[in-house]
Amino acid sequence: SLEEDFITWREQFWPAVCEHFGVEATGEESSIRQYELVVHTDVNMSKVYTGEMGRLKSYENQKPPFDAKNPFLAAVTVNRKLNEGGERHLMHLELDISNSKIRYESGDHVAVYPANDASLVNQIGEILHTDLDTVMSLNNLDEESNKKHPFPCPTSYRTALTYYLDITNPPRTNVLYELAQYATDPSEQEHLRKMASSSAEGKALYLSWVVEARRNILAILQDMPSLQPPIDHLCELLPRLQARYYSIASSSKVHPNAIHICAVTVEYETKTGRLNKGVATNWLKDKVPDENRSKSLVPMYVRKSQFRLPFKPSTPIIMIGPGTGIAPFMGFIQERAWLKQQGKDVGETVLYYGCRHENEDYLYREELTRFHQDGLLTQLNVAFSRDQAEKVYVQHLLKKNKENVWKLLNEGNAHIYVCGDARNMARDVQNTFYEIVAEFGNMSQPQAVDYVKKLMTKGRYSLDVWS
């Protein structure tokens with residue numbers, strides 16, 4: 001975490017500056033607000049932001065080009081559960097992009113702007129005894145600054161907490177430091193100040209009480225009853241709610257007017273017994289097609305990626321994507337199938353896919369089986385990690401087929417693609433490639449590592465991973 005290093009640096013920064021310039025520090029622990037609150041009582045409601053990212057009313061009269069500041073409202077036309085069982089909810093969504101002039105290529109990412117859960121927003125309003133429908137602006141006190149407001153203003157507190165502010169991630173220490181002044185109970189104030197300090201004890205406390213317990217701002221307000229910050233200062237301190245990126249699970253050659261998403265809903269119990277839910281996946285899960293048009297709209301745009309099929313269709317590809325890491329490969333396989341239909345010479349198309357149980361969460365099972373039967377997928381290697389006593393993962397299947405993997409790599413100049421979990425899977429797969437290269441290329445470990453690094457720089461080993 002960069003946070004800890006920054007705090008340690010920050011604490012020594014001002015004393016060093018004061019000493020250097022011979023300035024006397026007053027030692028006053030007063031916080032200086034960056035924005036001033038203006039409450040609008042007789043505002044024209046047509047001038048109030050209701051969730052737009054850039055231009056006012058951009059969701060009512062949509063104009064291309066669409067990007068981060070001007071997302072397109074795409075209707076969800078399909079939302080189906082992909083898995084048969086298990087406690088997780090894996091889903092396939094299709095977004096309609098017709099008439100948007102949005103273009104994408106297999107391997108690109110779709111960015112989605114989610115909204116926070118209304119019940120979390122309401123609870124914050126209740127705890128802080130605030131009328132969330134108050135219309136306000138936060139205006140930058142530094143008139144020279146380019147950033148006039150922390151988020152689009154004027155708007156209501158409800159809109160800000162729903163669309164513009166991140167209320168579900170554990171807050172960073174600078175937020176706790178600023179909030180401490182509003183705790184009337186001295187022990188609670190001390191607790192907050194300590195977590196924001198650079199002492200070893202403070203860092204450990206922040207790590208256990210905030211980070212590991214996954215306490216968001218609502219949980220902190222609930223667990224510290226004397227903490228009653230003004231809601232406008234809270235809105236100034238909270239970070240912006242960010243767009244969420246998903247690997248596009250379709251090919252524009254086959255689906256020019258649709259973007260497919262494959263995602264798993266995030267839901268877990270924290271150490272404090274609270275149920276935390278992923279913002280975007282739970283919001284997407286409730287997007288029911290055709291129920292009520294406004295309910296099924298998703299603000300989105302496309303982000304270009306370096307994750308690209310080889311220029312020559314005849315180049316073999318090895319795709320490794322367990323779980324929702326299958327997403328971009330659905331697009332790749334669709335595209336290679338389309339190229340074959342056009343009479344192109346398509347090289348070997350090899351997939352290594354993994355899930356927990358064959359009968360529960362084997363995603364896109366029918367489609368993959370059909371592609372395999374039709375010969376469009378040359379190899380379909382599937383690892384079911386929990387269907388037998390010992391765990392079997394994609395890297396074990398790669399080891400099992402190591403001669404074939406090396407042949408494709410060495411003689412066929414195959415391109416390798418890895419998509420999914422960065423923390424374990426991507427690293428384990430990379431180590432497996434080191435082993436295969438060392439064994440069949442008669443190389444030492446350092447040479448094998450170098451060989452794989454060279455594949456990466458040449459664009460023959462591509463990663464699309466997340467943690």
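Reader: Let's start with Leu-368: is it buried or exposed, and what is its relative accessible area?
Author: This is a predicted model, so keep that in mind throughout. Leu-368 is part of helix H11, which covers residues 365-373. The cut-off for buried is under 20% relative accessible area. Leu-368 falls under that cut-off and so counts as buried, with a relative accessible area of 0%.

Reader: How many Å separate the C-alpha atoms of Leu-368 and Leu-351?
Author: Leu-368 is in helix H11, while Leu-351 belongs to strand S13, residues 349-355. Along the chain the two leucines are 17 residues apart, and their C-alpha atoms are separated by 9.5 Å.

Reader: Which residue in S14 does Leu-351 stand opposite?
Author: Strand S13 pairs with S14 in the parallel sense, and 6 bridges hold that pairing. Across from Leu-351 in S14 you'll find Leu-380.

Reader: Which order do the strands of the open sheet with parallel pairing have?
Author: This open sheet has 5 strands, and its pairing is parallel. In general, the strands of a sheet pair through backbone hydrogen bonds, in either the parallel or the antiparallel sense. Reading across this one, the order is S14-S13-S12-S15-S16.

Reader: Which are the edge strands there, each pairing on one side only?
Author: Go back to the order S14-S13-S12-S15-S16 and look at its two ends. The strands that pair on one side only are S14 (379-384) and S16 (461-466).

Reader: By how many degrees are neighbouring strands of this sheet turned against each other on average?
Author: We're still on the sheet S14-S13-S12-S15-S16. With direction ignored, its neighbouring strands are turned against each other by an average of 10 degrees.

Reader: Now the antiparallel one: what is the order of the 6 strands in that open sheet?
Author: Here the pairing is antiparallel and the sheet is again open. The edge strands are S7 (244-247) and S8 (258-264), each with pairing on one side only. On average, neighbouring strands in this sheet are turned by 40 degrees against each other, direction ignored. From one edge to the other, the order reads S7-S4-S11-S2-S3-S8.

Reader: How many of the 7 residues of S8 are buried?
Author: S8 is an edge strand of the antiparallel sheet, yet it is mostly covered. Out of its 7 residues, the number buried is 6.

Reader: Which residue in S8 does Leu-95 stand opposite?
Author: S3 and S8 run antiparallel and are joined by 7 bridges. Within that pairing, the residue facing Leu-95 is Ile-259.

Reader: And which residue in S3 stands opposite Ala-75?
Author: S2 (72-81) pairs with S3 (90-96), in the antiparallel sense and over 6 bridges. Opposite Ala-75, in S3, stands Asp-96.

Reader: What distance separates the centres of domain 1 and domain 3?
Author: Domain 1 is made of two stretches, 47-54 and 115-241, whereas domain 3 is 317-465. Domain 2 takes 72-113 together with 243-303. Taken over C-alpha atoms, the centres of domain 1 and domain 3 are separated by 43 Å.

Reader: Which residues line the largest cavity?
Author: Searching the whole structure turns up 1 cavity of 30 Å³ or more, and the volume of the largest is about 30 Å³. Helix H1 (2-21) and helix H6 (200-212) are the elements that give two or more residues to its lining. The lining residues divide into 3 nonpolar, 3 polar and 3 charged. By name they are Glu-3, Glu-4, Ile-7, Thr-173, Met-195, Ser-197, Gly-202, Lys-203 and Tyr-206.

Reader: Now some backbone oddities: what is omega for the cis peptide bond that joins Cys-153 and Pro-154?
Author: Most peptide bonds are trans, so a cis one is worth a look. Pro-154 is in the loop between S5 (135-140) and S6 (155-156). Another cis bond runs from Pro-64 to Pro-65, with omega near 0 degrees, and Pro-65 is in the loop between S1 (35-40) and S2. For Cys-153 and Pro-154, omega is about -5 degrees.

Reader: Does Asn-442 count as buried or exposed, and at what relative accessibility?
Author: Asn-442 is in the loop between H14 (425-440) and H15 (445-457), and its phi is positive, about 50 degrees, although it is not a glycine. The cut-off for exposed is over 50%. Asn-442 therefore counts as exposed, at a relative accessibility of 69%.

Reader: What does Asn-413 count as at 44% relative accessibility?
Author: Asn-413 also has a positive phi of about 50 degrees without being a glycine. Its place is the loop between H13 (402-410) and S15 (415-421). Since 44% lies between the cut-offs of 20% and 50%, Asn-413 counts as partly exposed.

Definitions and conventions. Residues are numbered from 1 along each chain as its sequence is written. This is a predicted model: local features need pLDDT of at least 70, side-chain atom pairs count only at pLDDT 80 or more; totals for chains, interfaces and linings use all residues. Side-chain values use heavy atoms; hydrogens and water are left out. On a 1 Å grid over the protein atoms alone, a cavity is a set of points where a 1.4 Å probe fits but cannot get out, and a pocket is an open set with protein on both sides within 12 Å along at least five of seven lines; lining residues have an atom within 4 Å of a point. Grid points are joined across faces, edges and corners, and a volume is the space filled by probe spheres set on the points. Helices (H or I, at least four residues) and strands (E, at least two) are DSSP runs, numbered from the N terminus. Ala, Val, Leu, Ile, Met, Phe, Trp, Tyr, Cys and Pro count as nonpolar, Asp, Glu, Lys and Arg as charged, and the others, Gly among them, as polar. Two strands pair if DSSP finds at least two bridges between them. Axes are lines fitted to C-alpha atoms, for helices over the stretch in contact, and angles run from 0 to 180 degrees between N-to-C directions. Domain bounds come from an automatic or database domain assignment. Buried means under 20% relative accessible area, exposed over 50%, partly exposed in between (1.4 Å probe, protein chains only).
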